[in-house]
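Student: Please take me through one part of this model in detail. I would like to see how its helices pack, and then how that part sits beside the rest of the fold.

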Amino acid sequence: MLKIEQFQLHSAIIHRLDNQQDNNVGLDLSDLPLQMDTELKAVLETHTISGIEDGRIRYANFLDKDINQVMTACHNILDDPRNKFVDGSKVVARLLFSAMVNKTISAADVAICLANCNSTEYLCLLKLDYKANYISEARDTPHGRYIGIKKLGSGWPQLGTKLQKAAFIKRSSDDFELIILDRQKNKTDETDISLFFQKKFLNVELIDDSKRNTTGFIKGVRNFVESAAITPEKKKAIFDNAINLVVNTENINVRQFVESQFSEYLPEAERKSYMDSLIAEFERHGVKRAEFVKSQDVAQVYAKKRQITLEGAKLEVDPAIYTDPDKFNFVRRKDTTTGEEVADITIKGLKIKKLD
């Protein structure tokens with residue numbers, strides 16, 4: 001998701017998954033939901049929101065639905081949170097612990113939360129890896145005052161630290177069934193530590209959304225520049241920058257692109273209005289992620305001009321025009337009389353620079 005407009009955390013429970021100990025003694029399950037004061041609730045909300053808004057999120061669907069135990073447990077909780085939350089969370093925690101058999105996988109607490117995000121109920125699974133905490137310690141010695149460091153123990157990631165692994169499951173499956181964050185997964189790494197969360201635990205397949213996001217990115221920019229109250233030169237510059245980004249880079253970061261298009265010297269309210277409008281266009285045209293890998297197929301369309309040779313005419317069409325149905329339309333068909341291949345071409349709104 002690009003932006004969370006509304007978020008409410010209903011309840012949470014914590015289970016300890018210390019896979020560094022032998023014989024499963026590191027699995028410690030809570031029998032009671034978490035008692036949250038204002039501060040603890042804010043901590044969990046911050047971790048959850050930052051996970052959902054992380055640029056590395058992917059949309060996914062469950063595999064093997066008839067036997068997928070994680071999906072079944074999560075759906076049972078979402079269907080009856082009042083009666084199934086605690087017991088269902090234990091099932092999920094046991095399954096995650098079983099997937100953490102490789103001791104190179106970090107020990108962690110798993111926070112399982114029920115939350116409403118943008119009017120959709122989610123079951124949120126946050127793997128909170130243990131981090132060593134240290135504090136200074138002062139004492140007097142025969143040689144003078146000494147201040148050293150002592151280890152307090154293991155704790156949660158600090159606020160502002162990006163989560164490594166999280167999942168956000170919803171009950172409806174119109175576009176996707178869950179959001180997954182797996183920052184440690186390497187595209188070329190097929191080891192257990194890389195795949196344990198996505199494959200062994202959740203058993204999901206990622207939705208290949210590069211084409212949808214890339215197409216939506218271009219459409220969003222096009223719609224924005226057509227309606228925005230900015231100069232024609234600025235409109236062209238923004239659209240050209242978007243095409244150059246699609247053609248020449250692998251990863252597209254939506255927020256970075258938006259921020260780079262509007263000068264910091266603009267009045268803050270005006271700059272924010274432009275940025276919010278452009279982001280809204282991206283969302284309206286199906287851009288689901290704040291950062292995504294571009295579609296090579298879409299990029300190739302914009303990488304070079306299209307040349308069309310017809311009887312008596314030769315057209316060279318800029319990619320931005322060729323792919324804009326409001327300006328250019330090219331339809332092949334068979335002539336019903338001769339059987340020859342012909343084309344109907346419609347061109348709208350082009351300025352005539354020179355007419356001999």
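**Helix packing and the sheet**

Tutor: Start with the contact between α5 and α8. From α5, the residues involved are Gly-216, Phe-217, Gly-220, Val-221, Asn-223 and Phe-224. They meet Tyr-274, Ser-277, Leu-278, Glu-281, Phe-282 and Arg-284 of α8. By class, this contact holds six nonpolar, four polar and two charged residues. Keep in mind that the model is predicted.

Now the geometry of this pair. Helix α5 covers residues 210–227, and helix α8 covers 268–284. Their axes lie 8 Å apart, and the packing angle is about 135 degrees. Angles over 145 degrees would count as roughly antiparallel, and 65 to 115 as roughly perpendicular. The α5 and α8 pair is therefore oblique. Its crossing is right-handed.

Turn to a second pair, α6 and α9. Helix α6 spans residues 232–248, and helix α9 spans 296–303. The two axes come within 8 Å and cross at roughly 125 degrees. That angle makes α6 oblique to α9. Here the crossing is left-handed. Ile-243, Val-246 and Val-247 supply the α6 side of the contact. On the α9 side stand Ala-299, Tyr-302 and Ala-303. The contact of α6 with α9 has six nonpolar residues, no polar ones and no charged ones.

Next, the sheet. It is open and has eight strands. Read across, the order is β2-β1-β4-β5-β8-β9-β3-β10, and the pairing is antiparallel. Which strands stand at the edges? They are β2 (27–28) and β10 (204–206). Each has a single partner strand, so one side of each is left without a neighbour in the sheet.

Look closer at the β10 edge. Strand β3, residues 58–62, runs antiparallel to β10. Three bridges join the two strands. One bridge pairs Asn-61 with Glu-205 of β10. In general, strands of a sheet pair through backbone hydrogen bonds.

Finally, see which helices lie across the sheet strands. Helix α1 (residues 38–52) lies across β1 (7–17), β4 (108–117), β5 (120–129), β8 (165–170) and β9 (178–182). It runs at about 95 degrees to β1. Helix α3 (residues 81–99) lies across β1, β2, β4 and β5. Its angle to β1 is about 45 degrees. Strand β2, which α3 lies across, is one of the edge strands.

Terms used
Residues numbered from 1 in each chain as written. Predicted model: local features only at pLDDT ≥ 70, side-chain atom pairs only at ≥ 80, totals over all residues. Heavy atoms only, no water. Pairing = 2+ DSSP bridges. Helix = DSSP H or I, 4+ residues; strand = E, 2+ residues; numbered from the N terminus. Contact = heavy atoms within 4.5 Å. Axes fitted to C-alpha atoms, helices over the stretch in contact; angles between N-to-C directions. Parallel < 35°, antiparallel > 145°, perpendicular 65-115°, else oblique. Left-handed = near helix turned anticlockwise from the far one by under 90°. Nonpolar A, V, L, I, M, F, W, Y, C, P; charged D, E, K, R; others polar.
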